[in-house]
Amino acid sequence: MKTLKLYILLLITTTLASCTTRQPQLPEAWSVCMDSTRTTDCEFDSIIKIYRDTLNMKLEQTIGYCDSAMDVYRPETPLTRLFADALLHQMRKYAAQKKLPKPEFSLHNIGGIRTTMNSGEVKIHNMYEISPFDNVPVILQMRGNDLCKIFEHVAERGGEALSGATLTISADSVLMDVKIGGLPIDTSRIYTFATVDYLANGGDKFNFTKTLKRYTANNFMREVFTDYISTEYTAKGRHLTPPNDIRITVDSKKLRK
């Protein structure tokens with residue numbers, strides 16, 4: 001019995017001692033010049049090679065073919081229109097699957113479309129370059145009078161990526177006219193539209209505090225864009241062709257009175 005008590009006492013003492021805070025011994029550190037004189041660490045390279053090769057194979061997959069290069073700038077370009085088309089089309093499919101209200105238009109910030117799409121093969125890595133942020137699509141509902149304020153902000157910013165809606169902006173960035181589905185906004189009606197969580201959460205100073213309903217998807221915008229190209233173009237034997245319809249008109253002859 002005494003032996004057992006002694007063993008327990010020793011165990012408690014050892015445990016408490018191990019919990020004592022000790023000053024950690026920091027490893028020695030030094031600077032490494034990362035230039036052309038630095039040789040490859042073969043051991044480290046062999047460890048990451050299998051992951052790097054697998055990732056590169058994925059990123060180099062071709063998902064479509066683009067007939068002509070598409071740039072990004074305000075108020076809009078073929079690429080911003082295509083990106084907004086992808087958001088609207090795919091979120092309409094998502095709404096049908098989830099039995100949610102169908103979006104009537106889409107709005108995406110041009111700043112979230114980070115680079116051009118070159119002509120030729122379109123690959124997975126291009127999707128990461130164009131849409132590098134982990135923005136998630138959302139479906140929102142707002143009353144028409146509150147939605148007008150959103151479009152006023154779009155006008156102040158000089159345009160954004162739109163699909164299903166058209167704007168006319170004055171030369172000094174004031175909203176002059178807006179139509180959804182070809183019709184003027186009914187200020188008392190509730191509208192359903194697609195955007196991304198970045199804007200819905202107040203990004204780029206958008207104010208969605210008057211949102212009535214919000215439904216969030218579970219994929220990123222680059223995945224939405226990838227699926228749209230794959231299913232609506234490549235699977236149908238079509239090349240990507242730039243959408244050339246005018247959605248944002250800047251009237252250079254008119255100024256705010």
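Of the 257 residues in this protein, buried residues make up 37%, where buried means under 20% relative accessible area, with a 1.4 Å probe and protein chains only. What you see is a predicted model, in which local features need pLDDT of at least 70, side-chain atom pairs count only at pLDDT 80 or more, and totals for chains, interfaces and linings use all residues. Residues are numbered from 1 along each chain as its sequence is written, and side-chain values use heavy atoms, with hydrogens and water left out.

There are seven helices and eleven strands in the protein, taken as DSSP runs, with H or I over at least four residues for a helix and E over at least two for a strand, numbered from the N terminus.

Let me turn to the interior. The largest nonpolar core, a set of buried Ala, Val, Leu, Ile, Met, Phe, Trp, Tyr and Cys residues joined through side-chain atoms within 4.5 Å, has 58 residues, and Leu107, Met117, Leu147, Phe151, Phe208 and Phe225 have the most contacts inside it. Helix α3, residues 78–98, gives the most to this core, with nine residues. Leaving aside neighbours within four places in sequence, leucine 107 is in contact, meaning heavy atoms within 4.5 Å, with residues including Leu87, Ile150, Val154, Phe206 and Phe208.

Finally, is serine 163 buried or exposed? Serine 163, which has its place in strand β5, residues 161–163, is buried because its relative accessible area is 6%. Not counting residues up to four places away in sequence, serine 163 touches Ala84, Asp85, Leu88, Phe105, Ser106 and Arg247.

Conventions
Buried < 20%, exposed > 50% of the residue type's maximum accessible area, 1.4 Å probe, protein only.
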